[in-house]
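Reader: I have a structure to look at and some terms I do not know. Could you take me through them?

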Amino acid sequence: MAEAMRLPTVTIIQQRGGPSTATVIYSQQEVTLTTYGGNGEGMRIVYSTSNHQELFDYTIKAFNVAWKYRFPTFVLGDGYQAKMRESVTLYDPDEKGVEYVAPEAYVGKPGTPGVDREPGLYRNTYNTEEELFEVLQQHFADFNKMTPEIIEYDQEATDDADVIVIGHGVVFRGVRDAVKELRAEGLKVGYFRPITLRPFPAEQLKAIATGNRKLLIAESAEGQLAKLVKDAIYGCTAEIVPYFRPGLGITTEQIVAKVKEVL
Amino acid sequence: MSVSPQPTMPKSWRVESKPHKFCPGCGHGLVLKCLGEVIDELGIQDRVVFGCDIGCSLLSWDFFNVDSVQTHHGRTTPVMTGIKRANPDLICIAYMGDGGGYAIGVGGIVNAAARNEKVTVLLVNNTVYAMTGGQMSPCTMPGQKVETAPYGRDAEATGMPTQGPEMISAITGDGAYVARGSMANLKQLKSYIKKSLQNQMEGNGFSFVEALATCPTNWRTNAEKTWEFVEKQMPQYFKVGEKKNPFEAKKEAQQNA
């Protein structure tokens with residue numbers, strides 16, 4: 001409904017193991033659900049955070065982005081981020097100079113509808129196929145226009161890398177430390193971290209998915225991030241190497257070992 | 001003096017969306033006429049937010065010149081509750097059918113009622129899922145032949161019709177207004193709808209009106225049989241009247257004082 005009516009909603013998801021009730025501990029198995037899990041083709045914004053500071057920062061950002069672009073916005077964490085303790089600086093967004101996008105009432109604006117103003121008529125059901133088609137074209141166009149303005153990612157040491165490790169969320173912490181360690185050993189390894197899983201930083205990843213490089217995808221799921229990556233880099237020559245551990249955490253040591261195995 | 005050949009529409013109706021999209025003989029139009037007249041009489045067109053459900057009731061999404069939200073199936077009560085909480089000055093009306101209200105949306109209604117949320121729910125009971133072709137709904141009557149019960153509803157296998165207002169009156173606290181009206185008695189139905197809105201405006205509690213209504217398309221009835229069904233047969237299971245009335249309770253308390 002939020003997708004259909006362009007309601008500026010913010011949803012915070014902390015991923016658990018699945019399918020069904022499975023575990024309440026941890027996973028990255030709700031990536032597909034969060035980015036694309038709906039009927040029809042609703043457009044969404046999904047930020048994948050990797051620590052408490054980001055959870056705080058991106059929740060503030062999510063409200064602003066949701067109001068600005070009117071797409072449902074998600075902050076995607078996981079069971080570890082939901083339950084662990086670590087330091088975080090809580091701050092008043094005003095003091096940091098964060099500007100709020102002004103919210104707007106959808107209903108109950110001043111004046112009598114039909115007399116002083118048009119009524120707000122919000123629907124998610126259409127009478128004809130053509131009506132829906134037209135509405136969707138506008139959604140897609142708005143989303144595509146917005147994409148370059150909001151995509152976020154992080155990348156390091158990719159220029160000369162033979163292996164680029166791709167990870168998101170809490171797994172990225174292990175990825176970052178592993179790359180640091182491997183570089184210290186003189187190995188040509190870099191990382192790429194999508195922060196917005198949707199829209200996905202496709203052009204940026206495409207630019208480095210070149211030659212006979214290997215893209216090692218580390219995720220606590222059976223290929224949900226990999227699916228987004230494959231879709232983004234279609235046509236590129238880099239080889240995809242999966243490192244899938246559905247519902248399990250991934251440590252720095254495991255990533256280091258895996259990279260050495262494929263180098 | 002010229003006489004307009006058109007019957008008078010309530011002022012709050014949206015002329016641009018008329019004629020409306022309901023089938024000939026459908027009860028929705030008359031229920032919505034009552035609602036429109038009540039909105040006019042109470043002078044609340046600038047404060048009403050109208051929420052409609054999925055099913056035939058969704059065809060009312062642009063029925064009024066009031067802010068309107070068409071929600072998910074069964075989610076109209078929670079959406080209206082949310083809007084009311086965000087802006088208590090608004091008068092929120094959740095409009096739905098018996099399928100939306102008593103099956104998929106029963107969780108929303110029961111909990112909003114139990115919390116005595118200050119919204120008005122107007123539920124049109126026509127005993128079938130009408131938009132999808134007349135399948136059995138919670139209010140299909142025993143023996144009534146419908147698309148998914150071609151030999152008639154078997155109460156042993158599928159239960160008895162849901163008694164909505166009776167249930168709502170049992171779980172709401174003081175201040176709730178609960179009634180069942182019928183399009184067979186429009187004057188009475190309109191008075192119930194009016195009280196359900198006044199009750200919300202006074203901030204007393206949850207307000208709920210079920211309206212018995214016709215669906216000749218899915219009942220496969222002619223005009224005479226349609227009227228007989230809503231006037232005679234439906235009240236056998238669905239007793240018309242007020243179940244809970246804070247206005248009466250107040251009067252009684254004053255008399256006893």
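Author: Start with the lining of the largest pocket, whose residues divide into 10 nonpolar, 10 polar and three charged. The model is predicted: local features need pLDDT of at least 70, side-chain atom pairs count only at pLDDT 80 or more, and totals for chains, interfaces and linings use all residues. Residues are numbered from 1 along each chain as its sequence is written, chains are lettered from A and ligands numbered from 1 in the order written, and side-chain values use heavy atoms, without hydrogens and water.

Reader: What makes a residue of the lining nonpolar, polar or charged?

Author: Its type: Ala, Val, Leu, Ile, Met, Phe, Trp, Tyr, Cys and Pro count as nonpolar, Asp, Glu, Lys and Arg as charged, and the others, Gly among them, as polar. Of the 23 lining residues, those nearest the centre include A:Met1, A:Glu3 and A:Gly40. Met is therefore nonpolar, Glu charged and Gly polar.

Reader: Why is a space called a pocket?

Author: Because, on a 1 Å grid over the protein atoms alone, it is an open set of points with protein on both sides within 12 Å along at least five of seven lines; lining residues have an atom within 4 Å of a point. The largest pocket holds about 530 Å³, and the second largest has a volume of about 430 Å³.

Reader: Which residues lie closest to the centre of the second largest pocket?

Author: They are A:Leu7, A:Tyr106, A:Val107, B:Val79 and B:Ile83, out of 19 that line this pocket. Its lining divides into 14 nonpolar, four polar and one charged.

Reader: Why is B:Thr226 called buried?

Author: Buried means under 20% relative accessible area (exposed is over 50%, partly exposed in between; 1.4 Å probe, protein chains only). B:Thr226 has 6%, so B:Thr226 is buried.

Reader: What makes the pair of B:Thr226 and B:Asn222 a polar contact?

Author: The limit is 3.5 Å between N or O atoms; within protein, one must be able to donate a hydrogen and the other to accept it, and residues adjacent in sequence count only if both atoms are side-chain atoms. A polar atom of the B:Thr226 side chain lies 2.5 Å from the backbone oxygen of B:Asn222.

Reader: How do you know what span to expect for helix α7 of chain B?

Author: The expected span is 1.5 Å times one less than the number of residues. Helix α7 (residues 186-201) of chain B has 16 residues and reaches 22 Å, close to the 22 Å expected. Helices are DSSP runs (H or I, at least four residues), numbered from the N terminus.

Terms used:
Helices (H or I, at least four residues) and strands (E, at least two) are DSSP runs, numbered from the N terminus. On a 1 Å grid over the protein atoms alone, a cavity is a set of points where a 1.4 Å probe fits but cannot get out, and a pocket is an open set with protein on both sides within 12 Å along at least five of seven lines; lining residues have an atom within 4 Å of a point. Grid points are joined across faces, edges and corners, and a volume is the space filled by probe spheres set on the points.
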